[in-house]
Amino acid sequence: MSDPYASRTAVHEQTVDGFGTVRVLPLDPAADAPLLHRWVSEERAVFWGMNGLTVQRVAEVYAHMDTLDTHHAYLLVKDGEPAALLQTYEPEADRVGDCYPVEPGDIGVHLLLAPATGTGGPRPGWTAALVGVIAAYVLLGLDRRRVVVDPDVANEKAVARFLRQGFTAGPEVVLPEVDLPDVYLPEKKAQLAFLTREVAFGR
């Protein structure tokens, strides 16, 4: 089967033994909006905060993000199949920066996994492999010291997933509401968690 993403230039590519090759591609807001709309509209993605948006609005959200120097969106593609949506951001330019002492070398990450459908149902090892690739990209590829994540406190699956991957739980915080012309984010009670380069890669 041909890879519809083959023509795109990856910012990071990594082959994971027993899993496959994962490419991290800059998001194309227009081309990727229909796919992302399907993902963010699912009940499981309610914590992503985009339930109920149209395809056009999803495209607009990511087109706006594409204009920012501090926030970036990527599509993770495993062996030609979309596997996850990754967003990175500078914590000091984000509302999370109001909630903890940001350190030099910090980078924030949001992760939405593709639905675990397809032929096999649940896919053991997927999350670990993808989080490992993301850690390699942001901590080694981008030369950062520490990753911060801020899943909703009520999203117990996501919190547990990060802790299993070696993240250390930080404080529970309340992220303030953001009400801007291009962006609206309601107040969110979040569980911060951190992964340092030393813990992930021993250096």
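Y100 and F194 are both buried, and in this predicted model they offer a convenient place to begin, since the two residues also meet through their rings. A search of the whole structure finds four aromatic pairs. In the pair formed by Y100 and F194, the ring centres lie 5.3 Å apart and the planes stand at 55°, so the pair is classed as tilted, given that an angle has to be over 60 degrees to count as edge-to-face and under 30 degrees to count as stacked. The pair links distant parts of the chain, for Y100 belongs to the loop between β4 (81–89) and β5 (106–113), whereas F194 lies in strand β10 (residues 188–196), and the two are 94 residues apart.

From Y100 the path leads on to D106, because the side chains of these two residues are joined by a polar contact of 2.8 Å. D106 is part of strand β5, and its relative accessible area is 2%, so it counts as buried, the limit for that class being under 20%. The side chain of D106 also has a polar atom that lies 3.0 Å from the backbone nitrogen of E103. Once the neighbours within four places in sequence are set aside, the residues in contact with D106 are E90, P91, Y100, R144 and R146, a list in which Y100 appears again.

A further arrangement involving an aromatic ring concerns K78 and F19: the charged end of K78 sits over the ring of F19, at 5.1 Å from the centre of that ring.

How values were computed. Residues numbered from 1 in each chain as written. Predicted model: local features only at pLDDT ≥ 70, side-chain atom pairs only at ≥ 80, totals over all residues. Heavy atoms only, no water. Phe/Tyr/Trp six-rings, centres within 6.5 Å; stacked < 30°, edge-to-face > 60°. Helix = DSSP H or I, 4+ residues; strand = E, 2+ residues; numbered from the N terminus. Buried < 20%, exposed > 50% of the residue type's maximum accessible area, 1.4 Å probe, protein only. Lys NZ or Arg CZ within 6 Å of the ring centre and 35° of its normal. Polar contact = N/O pair within 3.5 Å; in protein donor to acceptor, adjacent residues only side chain to side chain. Contact = heavy atoms within 4.5 Å.
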